[in-house]
Amino acid sequence: MASSVFHAPCGAPSIKQLECQKYVGLRPSVTLRFNCVKTKTVTTRRLVVTASKSHDGTTKKLGISDAECEAAVVAGNIPEAPPVPPKPAAPAGTPVVPSLPLSRRPRRNRKSPAMRASFQETNLSPENFVYPLFIHEGEEDTPIGAMPGCYRLGWRHGLVQEVAKARDVGVNSVVLFPKVPDALKSPTGDEAYNDNGLVPRTIRLLKDRYPDLVSQNYLLVIYTDVALDPYSSDGHDGIVREDGVIMNDETVHQLCKQAVSQARAGADVVSPSDMMDGRVGAIRAALDAEGFQHVSIMSYTAKYASSFYGPFREALESNPRFGDKKTYQMNPANYREALVEAQADESEGADILLVKPGLPYLDVIRLLRDKYPLPIAAYQVSGEYSMIKAGGALKMIDEQRVMMESLMCLRRAGADIILTYFALQAARCLCGEKR
Ligand code: PBG
């Protein structure tokens, strides 16, 4: 079961007992209590599950031996047991009909929470989440209007606190998105590979707090975004030619420098989200040439030209100044084309294939899951998040349940990991925290 045990180092010393709710058909039904036992050092604290009522090994003596009990039954002295309960009454007016001659009644396996839990095919755990975080140069955290509950976090304070909160509930992976001052933007996006830019600086700070030590289980996985849009004065993911064309190979050159700069700062996974052709192979070669063979590439393989990115672009003030992204992002009408992209990314050395957006593209997630052995990521994008938040705020839907259902569905479709702005909220929910 998803939330039963997650072996994440448990960050909060105060957590002695973790109440993990089981999501059965997405309804928090049975609540199990597991003892969270502290083992070894503080940093390698793990959850150890112990049965709450174990058998103490002794049998109660009632004065009658097994042989005597058996003899009594054989002699016809059957001990009493409760009767079969009467058949529950149907409401008056229920039609009386012969039962349907069905050999298969799938409802049998959904009879009780325990049975539903036994037969649940897909699990959801905080370890499946990657938490996207917006950062800026400011000291304060600025709320993002179109994404209730999300902030542009001050890279030195708010961000560090948010990462600590996420780790407390088992979310150990984050992806960083910078809001870059307009004065640093340019047509060629050169700020993207400034080793002292906002992203590399932030990575170094986080890695200083959570160092990559085998002895400490590698406490934090940092994903970065590789694309020029936060740094481009045109708001495009690549360099824009005079006639409006996004230049492919020249952009890839910049992306390689960006990825190397992020790797140098300590990024674990670089994630090209730009959709230029050939960028995965080029980035792989650039990383390897600089000694970053260990840095992974999560490729935005099937990234669609979607209107669901609206709130994100508000968050980063990265709306394209003109035109749209349709010459590099995929047409939402296309399915087979995802295979063309996936073939290229796989052969160029991608470690993880990502589909984006998430829920409207479940078929594409399933396609890549079935055709490729690589891990699959799904990005539940800003528009998906904001719609659930808005529907919840207007009391049109139950926000928490819809949140959990949408994440479970992404997993069911075949996503191993999910990039979601709900990461913290959902992980808290899986850990049974009432908020
Ligand atoms: C751009 C990028 C975008 C998102 C992640 N990286 C937006 C875009 O392509 O315009 C969107 C994420 C979201 O909407 O949550 N490189």
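# A walk through a predicted fold

Among contacts between residues at least 6 apart in sequence, 73% join residues at least 24 apart. Keep that number in mind as you turn the model around, and remember that this is a predicted model. The protein has 435 residues, and 49% of them are buried. As for its building blocks, you can look for 12 helices and 14 strands. The accessible surface adds up to about 22200 Å², with 54% of it belonging to carbon and sulfur atoms.

Let's start with strand 11, which covers residues 296–303. How many of its eight residues are buried? Seven of them are, so the strand is mostly covered, where "buried" means under 20% relative accessible area. Now look at what pairs with strand 11. Strand 10 (residues 269–272) runs parallel to strand 11, and two bridges join them. If you want a place to spot this pairing, find Val270, which stands opposite Ile297 in strand 11. To get from strand 10 to strand 11, the chain passes through helix 6 (residues 279–289), and this β-α-β crossover is right-handed. Strand 11 also pairs with strand 12 (residues 352–356): these two run parallel as well, joined by five bridges. Here you can pick out Lys303, whose bridge partner in strand 12 is Lys356.

Stay with Lys356 for a moment. A cis peptide bond joins Lys356 to Pro357, with omega at about -10 degrees. Pro357 sits in the loop that runs between strand 12 and helix 9 (362–371).

Next, the charged side chains. Side chains of opposite charge can pair when their charged atoms come close. A search of the whole structure turns up 21 salt bridges. One of them is between Glu139 and Arg156, where the closest N and O atoms are 3.0 Å apart. Glu139 lies in the loop between strand 3 (129–136) and strand 4 (142–143), while Arg156 lies in the loop between strand 5 (151–154) and helix 3 (158–168), so this pair ties together parts that are 17 residues apart in sequence. Are these two residues buried, exposed or something in between? Glu139 is partly exposed, at 44% relative accessible area, and Arg156 is partly exposed too, at 43%.

Helix 6, which you met in the crossover, comes back here. Its residue Arg279 meets Asp345 of helix 8 in a salt bridge, with 3.8 Å from N to O. The two residues are 66 apart in the chain, so here the pair links distant parts. Both Arg279 and Asp345 are buried.

Another salt bridge, between Arg284 and Asp288, has its closest N and O atoms 2.9 Å apart. Both of these residues belong to helix 6, and they are four residues apart, about one turn of the helix. Arg284 counts as buried because its relative accessibility is 13%, whereas Asp288, at 29%, counts as partly exposed. Salt bridges can also share partners: Asp229, Asp237, Lys303 and Lys325 are joined into one network that way. You have already seen Lys303, as the bridge partner of Lys356 in strand 12.

Now for some loops. Where is Glu317 found? It lies in the loop between helix 7 (310–316) and helix 8 (337–348). Its phi is near 50 degrees, a positive value in a residue other than glycine. Glu317 counts as partly exposed because its relative accessibility is 45%.

Lys395 has a positive phi as well, about 60 degrees, although it is not a glycine. This lysine is found in the loop between helix 10 and helix 11. Lys395 counts as exposed because its relative accessible area is 73%.

Finish your tour in that loop, where you can also find Leu394, between helix 10 (382–393) and helix 11 (399–413). Leu394 counts as exposed because its relative accessible area is 58%. Which residues make a nonpolar surface patch of about 330 Å²? They are Leu394, Met396 and Ile397.

Note on methods. Residues are numbered from 1 along each chain as its sequence is written. This is a predicted model: local features need pLDDT of at least 70, side-chain atom pairs count only at pLDDT 80 or more; totals for chains, interfaces and linings use all residues. Side-chain values use heavy atoms; hydrogens and water are left out. Patches are made of residues with over 30% relative accessible area and no salt bridge: like charges are joined within 9 Å, nonpolar side chains (Val, Leu, Ile, Met, Phe, Trp, Tyr) within 5 Å. Accessible areas come from the Shrake-Rupley method with a 1.4 Å probe; for residues, only the protein chains shown count as cover. A salt bridge is a side-chain nitrogen of Lys or Arg within 4 Å of a carboxyl oxygen of Asp or Glu. Buried means under 20% relative accessible area, exposed over 50%, partly exposed in between (1.4 Å probe, protein chains only). Two strands pair if DSSP finds at least two bridges between them. A crossover is right-handed if, with the strands pointing away from the viewer, the path from the first strand over the helix to the second runs clockwise. Contact means heavy atoms within 4.5 Å.
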